[in-house]
Amino acid sequence: MIPKIERATIVVLDSAGVGYLPDAEEFGDVGSNTFGNIAKHCNGIHLPNMQKLGLGNLTDIMGVALNNNVNGAYGKAAEASKGKDTTTGHWEIAGVKLERAFPTYANGFSEKTIQLFEERTGRKVMANKPASGTAILDEYGEEQMKSGNWIIYTSADPVFQIAAHEEIIPLEELYRACEIALEICTELEPVARVIARPYLGSGKGNFARTTNRHDYSVLPPAPTVLDRLSANGLDVIGIGKTKDIFAGQGITDTRGTNKDNVDGINKTLIALKEDSKGLIFTNLVDFDMMFGHRRNPEGYKAALEEFDRYLPQIQANLKEDEILILTADHGCDPTYPGTDHTREYIPIMVFGKNIKQNVDLGTRTSFTDIAATIEELLLGNKVEGSFAEELYN
């Protein structure tokens, strides 16, 4: 018998993929494996608590052994949507597949888009090209301090990013410019997100982005499981950048993180100790932003080991009937060329005090199976792809 539970928690280890997908060649990502290649590069990784949840059964990870007695359920999922960006991955986790990938802008944005942006914001634009978020500041930061021009850049993701020195351009003006950019891009050159990238510093070599980043996303093209939960009076608590990814849709309570992964973990622990009913949905972005894109396998390893040390606290704070799902939204293999995300399977590790042990969920054909399972357990709706029955019967 499948119970109707009162609360579930999803923790997205942003970009922690477990091996390249069969179609990875289309994305230039054959050979990528975020967990596996980090461990190989660093001569092993110590993740004993995720090992108990079956992580080592999903791919070859030096230091994380196969487990024949998993404390819960384990599996992995392929991305059905044609993309490998944050927005697409999270939307699919929440039940919405994209039939067509967002476009990317290898040559920057069109002259018309930039001209409209300049006219509506009253400032000129510099750069307008794909770039690393740290390198672009060294290249244009000093010029921005003199001219007050916007620094506009993109990446291999479908994003329009605006860097602005906080002492030159006020945060309120930067945020309004992001809203304007989203309006323009929605009409002319679709993006998944416009991202405010404020920074401080006095010159090349010491510019640093601040914690005042803000993401402006387009709305999902269809209702997600978050919408259905909130419409039924349940709590949907978004921790980290979850609210931004869904443009606030379906979120009833948001708790941003201003520091690092540990801040997100602590906010998750606080939420677990409260008497909410519904879903806690946490994104831990440092894996991706600080270490994946910056191609820092040592830092990524340390961040994974840090999360693993906190994992028993998260598990201990689950109520008797609750479940925890650990997953990712794409890969970002820090040993791989470039700075792009990588097209990978995501892990699915499920823990709950009342669920069956040592359940192999296999390889799922879509991230949407997570949403289907959440909906069945919290609302009692039978949804195609749900693995709820495998957890209890």
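Which residues does Ala24 touch, once residues up to four places away in sequence are left out? The list has Asp29, Val30 and Arg343 on it. Keep in mind as you look around that this is a predicted model.

**The whole chain**

Let's zoom out before going back to Ala24. The chain holds 13 helices and 14 strands. Its C-alpha trace spans about 65 × 50 × 40 Å along the principal axes. How does that fit with a compact globule? For 393 residues, such a globule would have a radius of gyration near 21 Å, and the chain has 21 Å, so the two agree.

Plenty of the chain is tucked away: 59% of the 393 residues count as buried. The chain still exposes about 15,300 Å², and carbon and sulfur atoms supply 48% of that area.

Now think about who meets whom. Take the contacts between residues at least 6 apart in sequence: 68% of them join residues at least 24 apart. As for charges, there are 39 positive and 56 negative ones, and their mean positions lie 2 Å apart.

UniProt, in an unreviewed entry, lists residues 7-378 as "domain: Metalloenzyme". Over that stretch the chain is 34% helix and 20% strand. The C-alpha atoms at the two ends of residues 7-378 are 7 Å apart.

**Ala24 and helix H1**

Back to Ala24, which sits in the loop between strand E1 (7-13) and H1. Ala24 has a relative accessible area of 0%, and anything under 20% counts as buried, so Ala24 is buried. Its C-alpha lies 19 Å from that of Ile38, with the two positions 14 residues apart in sequence numbering.

Ile38 itself belongs to H1, where it is one of the buried residues together with Thr34, Phe35, Gly36, Asn37 and Ala39. Is helix H1 (residues 34-41) largely enclosed or largely open? 6 of its 8 residues are buried, so H1 is largely enclosed by the rest of the structure. Part of the cover over those buried residues comes from helix H11 (297-316). After H1 comes Asn43, which has a positive phi, near 60°.

**A cluster of listed binding-site residues**

Which residues does UniProt list under "binding site"? The unreviewed entry gives Asp14, Asp329 and His330. These residues are spread over 317 residues of sequence, yet they cluster in space, with a largest C-alpha distance of 7.3 Å.

Pick out Asp329 for a closer look. You'll find Asp329 in the loop between strand E12 (323-327) and strand E13 (346-351). Asp329 is buried, with a relative accessible area of 0%. Leaving out residues up to four places away in sequence, Asp329 touches quite a list of partners, including Asp14, which is on the UniProt list too. Among the other partners of Asp329 are Val12, Ser15, Glu79, Asp85, Thr86, His90 and Phe367.

**Phe291 in helix H10**

Next stop: Phe291, in helix H10 (residues 286-292). Its relative accessible area is 18%, and the limit for buried is under 20%, so Phe291 counts as buried. Setting aside neighbours within four places in sequence, Phe291 is in contact with Asp286, Asn296, Gly299, Tyr300, Ala303 and Pro334. What about Glu119? That residue is 172 residues away from Phe291 along the chain, and their C-alpha atoms are separated by 36 Å.

**Two alanines with positive phi**

Where in the structure is Ala127 found? Ala127 is in strand E3 (residues 125-130). Its phi is positive, near 80°, and Ala127 is not a glycine. Ala247 also has a positive phi without being a glycine, this time about 50°. Ala247 is found in the loop between helix H8 (242-245) and strand E10 (253-255).

Here is how the residues we visited score on accessibility.

| Residue | Relative accessible area | Class |
|---|---|---|
| Ala24 | 0% | buried |
| Asp329 | 0% | buried |
| Phe291 | 18% | buried |
| Ala127 | 23% | partly exposed |
| Ala247 | 33% | partly exposed |

Why do Ala127 and Ala247 get the label "partly exposed"? That label covers values between the limits of 20% and 50%, and Ala127 is at 23%, while Ala247 is at 33%.

Methods
Residues are numbered from 1 along each chain as its sequence is written. This is a predicted model: local features need pLDDT of at least 70, side-chain atom pairs count only at pLDDT 80 or more; totals for chains, interfaces and linings use all residues. Side-chain values use heavy atoms; hydrogens and water are left out. Helices (H or I, at least four residues) and strands (E, at least two) are DSSP runs, numbered from the N terminus. The radius of gyration is taken over C-alpha atoms; the globule rule is 2.2 Å times the number of residues to the power 0.38. Buried means under 20% relative accessible area, exposed over 50%, partly exposed in between (1.4 Å probe, protein chains only). Contact means heavy atoms within 4.5 Å. Accessible areas come from the Shrake-Rupley method with a 1.4 Å probe; for residues, only the protein chains shown count as cover. Lys and Arg count as positive and Asp and Glu as negative; His and the chain ends are not counted. The place of a charge is taken as NZ of Lys, CZ of Arg, CG of Asp or CD of Glu. UniProt positions are given in the numbering used here, feature names are shortened, and annotations may be inferred rather than shown by experiment.
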